[in-house]
Amino acid sequence: MDLYLPIAEMPMNLFLLLGMGAAVGFLSGMFGVGGGFLLTPLLIFSGISPAVAVASVSSQIVANSASGVLAYLRKKTVDLKLGLYLTLSGIIGSAIGVWVYGALRGIGQLDVVIALCYVAFLGTIGMLMAVEAIRAILAKRRGTPLPVRRPGQHSWIAGLPLRVRFHRSRLYISALPVIALGASIGFLGALLGIGGGFIMVPALIYLLRVPTTIVIGTTLLQTLGTMAFTTFMQSATNQTVDVILGLALMVGGVVGAQFGARVGQSLRGETLRLLLGLLVLSVGLRFAVDLVARPAELYSISRMGGG
Amino acid sequence: MIVRALLAAATLAFASPHLHAETLVTALSTERVSIESNFTGSGVVIFGTVERDRQTVARADPYEIVVTLTGPLRSMVARRKERVAGIWINRASGELPRVPSFLAIATTAPMADVAGNRVRAGQGLGFDMLPTRGLPDALPPVRTEFDAAFLRLMQKEGLFTLNEGRVEFLSPQLFRAPIDLPANVPIGWYTATVYLFSGGVLLAKTTQDFSILKGGFEQTITDLAHRRPAVYGLATVIVACFTGWLAGVAFRRD
């Protein structure tokens with residue numbers, strides 16, 4: 001059954017959209033990430049223009065993170081203060097991202113910048129996660145426990161000026177890295193159509209040393225706030241959010257996420273991180289191959305002034 | 001519509017040096033294609049007759065019909081990728097000011113047999129004669145690599161089509177030309193042009209307008225997105241939060 005998408009101005013199979021939403025939702029529920037980094041490339045590959053794909057996926061991420069935040073709020077594993085700091089800085093980053101997006105589209109370099117960012121971020125993060133997970137698994141096999149974090153042990157980043165106390169996370173750290181992190185994720189989210197959870201989660205764990213139990217709920221809160229703002233901004237400035245497309249993805253996504261979360265809970269933490277790392281890495285590699293390999297079609301056409 | 005077409009055809013007939021040349025009367029199967037939520041492509045049929053009177057000269061050559069359906073004009077940019085520091089990025093580009101976003105051509109016979117290059121160049125008829133810099137000229141247009149890429153890619157996307165032999169004569173005078181509108185057909189105002197040729201000479205030409213517009217619900221959404229973008233954005237965010245909340249409640253297990 002085909003559904004005509006009014007803003008994308010093309011029909012797409014409804015079940016394909018629901019299926020893509022559900023598959024990505026399943027993975028995102030399993031790993032606790034938004035899944036935008038998978039969904040946006042999938043939509044672009046299906047023929048939807050990058051502009052509409054990036055903007056519409058942001059509305060799907062809102063729905064997904066809203067349902068996630070509610071679940072974590074009930075379990076009381078969200079650091080509201082940290083989430084607020086990250087969201088406010090994320091909104092600033094997002095505003096810059098939406099602007100840069102429009103500027104790059106105008107000069108025809110949007111695609112290559114998106115591809116380069118995907119390679120850089122997905123490649124690095126995927127590699128780090130996979131290596132860390134493999135080391136954890138090996139250490140467990142050998143029976144040697146990994147060094148655990150002791151309270152009060154901070155990296156130099158946390159020791160910068162403007163210290164703030166985050167009670168829920170039991171942290172007393174500088175606000176500067178928190179704001180920088182939130183703003184970068186907001187910027188990348190708007191530019192690349194991703195929630196940024198797969199960057200935020202390891203950054204909170206390894207850089208800011210936020211307790212693992214708090215990380216996912218807080219990340220989801222930041223994603224919700226930043227992506228709600230991004231959806232609004234993309235609608236207001238670029239008018240590229242397709243609400244019908246977004247709705248189809250949302251419905252598939254939230255259902256898939258519920259089943260993914262159940263599978264995720266039955267898997268071991270290291271296994272989960274290894275799988276997510278490999279998934280992220282493979283998407284990054286896919287973009288790298290496309291950048292380096294000689295394209296089958298050297299020419300491309302677009303409307304003047306973007307679109 | 002038909003009256004207007006008749007008038008146009010009559011004017012053309014009187015303006016031409018052959019006082020008693022043929023006139024064309026054409027009609028469209030529909031004047032408005034509406035795109036609803038289940039739209040996956042459509043079609044339009046152009047009907048016409050070649051009107052003759054007693055004084056019309058007998059032709060040695062058969063009548064040939066060319067029908068073009070031209071979509072809204074848009075300014076386009078074609079870009080070429082080049083390898084820079086190991087990666088492929090867009091470098092050189094060429095602009096194509098005001099080119100059709102859709103162009104379907106249907107004919108009774110191969111284009112080269114219908115009319116020569118000079119006649120087609122003057123009318124801008126055929127992909128090879130389509131003007132990419134303003135109006136058609138007496139000489140065939142000079143093509144840059146970007147013009148060529150544009151024409152090739154538009155055909156690849158199914159937006160530029162050429163169907164030689166698709167127009168059929170139902171009787172010696174009556175013809176019909178079916179034209180397919182693909183799912184990705186651009187929205188806007190279209191012009192259907194019918195050319196009558198015989199022996200490589202253009203005898204008559206008619207044009208008719210028709211529109212491809214979004215249906216009620218689709219148009220409402222588009223209007224809202226463009227005229228009240230802030231309201232649209234806010235509504236989308238609320239819908240998204242509500243969907244997420246609903247799913248959270250529906251699947252709650254504790």
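**Sheets, a helix and two contacts**

Student: Let's start in chain B: over how many bridges do β1(B) and strand β3 (residues 42-51) pair?
Tutor: Happy to start there, and note that this is a predicted model. One of the pairs to look for is B:Leu28 with its bridge partner B:Ile46 in β3(B). The two strands run in the antiparallel sense, and their bridges number six.

Student: Which strands of chain B are the edges of the open sheet?
Tutor: The sheet is open and holds four strands of chain B in the order β1-β3-β10-β9, with antiparallel pairing. An edge strand pairs on one side only, and that description fits β1 (23-28) and β9 (168-169) of chain B.

Student: Which residue of β10(B) stands opposite B:Gly43?
Tutor: Go to the middle of the strand order, β1-β3-β10-β9. There β3(B) and β10(B) pair in the antiparallel sense over eight bridges. Across from B:Gly43, in β10(B), you find B:Asp180.

Student: And which residue of β10(B) stands opposite B:Phe169?
Tutor: Now we move to the pairing of β9(B) with strand β10 (residues 174-181) of chain B, which is antiparallel and has two bridges. Opposite B:Phe169 in β10(B) stands B:Phe175.

Student: Which residue of β5(B) is the bridge partner of A:Ile301?
Tutor: This one crosses between the chains: β5(A) and strand β5 (residues 73-84) of chain B pair in the antiparallel sense over five bridges. The partner of A:Ile301 in β5(B) also ranks among the residues with the most contacts inside the largest nonpolar core. It is B:Ala78.

Student: How many nonpolar residues does the side of chain A that touches chain B have?
Tutor: The contact takes 44 residues from chain A and 49 residues from chain B. On the chain A side, the elements supplying at least two residues each include β1 (2-5), β2 (10-13), α8 (212-238), α9 (243-266) and β5 (299-303). By class, that side has three charged residues, twelve polar ones and, as the number you asked for, nonpolar residues totalling 29.

Student: How many residues does the largest nonpolar core have?
Tutor: Its best-connected members include A:Leu5, A:Val62, A:Ala248, B:Val67 and B:Phe150. Take B:Val67: beyond its neighbours within four places in sequence, its contacts are B:Ile46, B:Ala106, B:Val167, B:Ala177, B:Ile179, B:Ala192 and B:Val194. In residues, the core counts 157.

Student: What distance separates the centres of the two domains of chain B?
Tutor: The domain assignment gives domain 1 (2-214) and domain 2 (215-254). Their contact takes six residues from domain 1 and five residues from domain 2. On the side of domain 1, β2 (32-35) and β12 (201-214) of chain B each supply at least two residues. Taken over C-alpha atoms, the centres of domain 1 and domain 2 of chain B are separated by 41 Å.

Student: How far does helix α5 (residues 110-142) of chain A reach from its first C-alpha to its last?
Tutor: The helix has 33 residues, for which 48 Å is expected at 1.5 Å a residue. The reach in the model is close to that, at 47 Å.

Student: Which residue just after α5(A) takes a positive phi?
Tutor: Along α5(A), the buried residues include A:Leu110, A:Tyr118, A:Leu122 and A:Ala133. Their cover includes α2 (36-45), α3 (50-74) and α4 (80-106) of chain A. Just after the helix, phi is about 85 degrees at A:Gly143.

Conventions:
Residues numbered from 1 in each chain as written. Chains lettered and ligands numbered in written order. Predicted model: local features only at pLDDT ≥ 70, side-chain atom pairs only at ≥ 80, totals over all residues. Expected span 1.5 Å × (residues − 1). Buried ≥ 20, exposed ≤ 12 C-beta atoms within 10 Å, placed from the backbone. Contact = placed C-beta atoms within 7 Å. Nonpolar A, V, L, I, M, F, W, Y, C, P; charged D, E, K, R; others polar. Pairing = 2+ DSSP bridges. Core = buried A, V, L, I, M, F, W, Y, C linked by C-beta atoms within 7 Å. Domains from an automatic or database assignment.
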